[in-house]
Amino acid sequence: MRVPVAILVSWVTAVLWSGPALAQTQDASAPGDTSHVAPAPPATPMHDMSNGEMTRMMEMNDAAARGKLLVDQLEWRDGDGTSGPAWDAQAWYGTDYNKLWFKTEGVRLDGATEDARAELLWDRIFSRWWSAQAGVRRDFGNGPSRGWLALGAEGLAPYFFEIEATAYVGDAGRTAARFRAEYELLFTQRLILQPELEVNAYGKDDPERQIGAGVSDLQLGLRLRYEIRRELAPYLGVAWLRRLGQTADLVRASGQDPSVLQVVAGVRFWL
């Protein structure tokens, strides 16, 4: 008896298709296989999360208080017949919007504090890259100490220049202003060149501290550091101090050079 070709083709096709389906059914029931188990329900979409849940998940609580200590310069300076240590450090504690900020810098030459200052400031962010600062400043070192009220701004200018600009009012009608700019030029991820500029000006003469009215001094620094870790970086560089105007006259009258160029070696670290 002859089997029609159409029926034979249909039977072979059915056998070929039923084999994989049967194998899948047997594998699905095998021990340890979970492919037949319904998938877990999806995680809660972020737009359905509360602010508290999102904060905990992403660790982005801008109301949490935290702190930092940065010693930007801890160095030894030598040149033009003088030598001694110098420092520039700051520490803050607070939230992303409000911080208590402490700053200090100074130079000791030949065993005596030449010029130093300390500031305690309240810092409040008023834009994405800028914050306002207000507080007090104390000068000490050469001559009598001076106290000031401080009001200024600090932030990141275009092209990533770090800027500080502060005005001061002291006793006996004294006024002062300070401008500072820094920049970081990365040769590699670890080798960084840091130029800096600082300008100070005073509203009236202060002969006891060898300060004259007007722009009193210009300070330039250039430091090349290598970051062993992000938190620790030794460096080498140069620092130049140029006293100007009436301040230069007072310094000359005391027998000193109004221009000092020094080689520096130190370490930068933060906690």
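The largest nonpolar core of this protein has 8 residues: Trp101, Leu121, Trp148, Ala150, Tyr168, Ala176, Tyr202 and Ile211. It is a good place to start a tour of the structure, which is a predicted model. In soluble globular proteins, nonpolar side chains tend to be buried together. Within this core, Trp101 has a well-populated list of partners: leaving aside neighbours within four places in sequence, it is in contact with Gln90, Ala91, Trp92, Glu119, Leu120, Leu121, Asp123, Gln133 and Glu154. One of these partners, Leu121, is itself a member of the core.

Stepping back, the secondary structure comes to 3 helices and 13 strands. The protein has 271 residues, and 31% of them are buried. Among contacts with a separation of 6 or more, 45% are accounted for by residues 24 or more positions apart. The accessible surface comes to about 16700 Å², and carbon and sulfur atoms hold 65% of that area.

Part of the nonpolar character is found at the surface. Leu100, Phe102, Leu120, Val136, Leu149 and Val169 make a nonpolar surface patch of about 550 Å². Leu120 is a helpful member to look at, since this residue also appears among the contacts of Trp101. Leu120 is found in strand E4, which covers residues 112-125, and counts as partly exposed because its relative accessibility is 43%, between the limits of 20% and 50%. In a regular strand the side chains alternate between the two faces of the sheet.

Toward the end of the chain, three strands can be followed one after another. Strand E11 (residues 214-226) pairs with strand E12 (residues 232-243) in the antiparallel sense over 9 bridges, and a hairpin of 5 residues joins E11 to E12. Across this pairing, Leu218 stands opposite Arg242 in E12. E12 also pairs with strand E13 (residues 259-270), again in the antiparallel sense, over 11 bridges. Here the bridge partner of Leu241 is Val260 in E13.

Charged side chains add another layer to the picture. Side chains of opposite charge can pair when their charged atoms come close. The whole structure holds 28 salt bridges. One of them links Arg178 and Glu105, with an N to O distance of 3.3 Å. Arg178 lies in strand E8 (residues 175-182) and Glu105 in strand E3 (residues 98-109), so this pair ties together parts that are 73 residues apart in sequence. Both ends are buried: the relative accessible area is 4% for Arg178 and 14% for Glu105. A second salt bridge joins Glu75 and Arg77 at 2.8 Å, N to O, and these two residues are buried as well. The salt bridge between Arg230 and Glu227, at 2.5 Å from N to O, has a mixed setting: Arg230 is partly exposed, with a relative accessible area of 43%, whereas Glu227 is buried at 5%.

Finally, Gly67 offers a view of how distant parts of the chain approach one another. This glycine has its place in strand E1, residues 66-79, and is partly exposed, with a relative accessible area of 46%. Beyond the residues up to four places away in sequence, Gly67 touches Trp92 and Tyr93. Trp92 is also one of the contacts of Trp101 in the core. Gly67 and Leu271 are 204 residues apart in sequence, and their C-alpha atoms are 8.7 Å apart in space.

Conventions. Residues numbered from 1 in each chain as written. Predicted model: local features only at pLDDT ≥ 70, side-chain atom pairs only at ≥ 80, totals over all residues. Heavy atoms only, no water. Helix = DSSP H or I, 4+ residues; strand = E, 2+ residues; numbered from the N terminus. Buried < 20%, exposed > 50% of the residue type's maximum accessible area, 1.4 Å probe, protein only. Contact = heavy atoms within 4.5 Å. Patch = residues over 30% accessible without salt bridge, like charges linked within 9 Å, V, L, I, M, F, W, Y side chains within 5 Å. Areas by Shrake-Rupley, 256 points an atom, 1.4 Å probe, with all protein chains shown as cover. Salt bridge = Lys/Arg side-chain N within 4 Å of Asp/Glu carboxyl O. Pairing = 2+ DSSP bridges. Core = buried A, V, L, I, M, F, W, Y, C linked by side-chain atoms within 4.5 Å.
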